Amino acid sequence: MDLPSGSWTKPDGWKTIRKRMSEFSVRETLGIPTRIRPSIEIIYMYVSDLNSDGIDEEGYVNFKDKRVVSFKSPHAKED
């Protein structure tokens, strides 16, 4: 199995994501998403097993009118 690669796999890139960023800026910062889910808005999905524990970590960036409206880092701790 290939290890995940790209800026999105490191916490530092996610720290620079902000609301109202353009799709282009997000791709430039995090890299190409592993999936894109079109709907009324567009959602960039970043999914892979980052720590080799057999469970996929998942991050997303949600866009409306080509600007970030919400996001979640795959490095965020879940309670």
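## Two buried aromatic residues

W8 and Y46 are both buried. They belong to a predicted model, and they serve here as a way into the fold.

The ring centres of W8 and Y46 lie 5.6 Å apart with the planes at 40°, so this pair counts as tilted, since a tilted pair is one whose planes are neither under 30 degrees nor over 60 degrees apart. The pair connects distant parts of the chain: W8 sits in the segment before α1 (11-15), while Y46 belongs to strand β2 (residues 42-48), and 38 residues separate the two.

## The aromatic cluster

The number of aromatic pairs comes to 3. Through ring pairs, W8 and Y46 are joined with W14 into a cluster.

## Secondary structure and overall form

The protein chain contains 2 helices and 4 strands. Along the sequence their order is α-α-β-β-β-β. The radius of gyration of the protein chain is 12 Å, close to the 12 Å given by the globule rule for 79 residues, so the chain is as compact as a globular protein of that length.

Taken along the principal axes, the box filled by the C-alpha atoms of the protein chain is roughly 35 × 25 × 25 Å. Contacts between residues at least 6 apart in sequence can be sorted by how far along the chain they reach: 36% of them join residues at least 24 apart.

## Burial and surface

Of the 79 residues in the protein chain, 33% are buried. W8 and Y46 are among the buried residues. The accessible surface of the protein chain amounts to about 5500 Å², and carbon and sulfur atoms account for 51% of that surface.

## Charged side chains

The protein chain carries 13 positive side chains and 13 negative ones. The centre of the positive set and the centre of the negative set are 9 Å apart.

## An exposed residue before the first helix

S5, like W8, is placed in the segment before α1. Whereas W8 is buried, S5 is exposed: its relative accessible area is 58%, and the cut-off for exposed is over 50%.

S5 can also be placed relative to a residue far along the sequence. S5 and L50 are 45 residues apart along the chain, and their C-alpha atoms are separated by 9.0 Å.

Technical notes:
Residues are numbered from 1 along each chain as its sequence is written. This is a predicted model: local features need pLDDT of at least 70, side-chain atom pairs count only at pLDDT 80 or more; totals for chains, interfaces and linings use all residues. Side-chain values use heavy atoms; hydrogens and water are left out. The radius of gyration is taken over C-alpha atoms; the globule rule is 2.2 Å times the number of residues to the power 0.38. Buried means under 20% relative accessible area, exposed over 50%, partly exposed in between (1.4 Å probe, protein chains only). Contact means heavy atoms within 4.5 Å. Accessible areas come from the Shrake-Rupley method with a 1.4 Å probe; for residues, only the protein chains shown count as cover. Lys and Arg count as positive and Asp and Glu as negative; His and the chain ends are not counted. The place of a charge is taken as NZ of Lys, CZ of Arg, CG of Asp or CD of Glu. Rings of Phe, Tyr and Trp (its six-membered ring) pair if their centres lie within 6.5 Å; planes under 30 degrees apart count as stacked, over 60 as edge-to-face and the rest as tilted.
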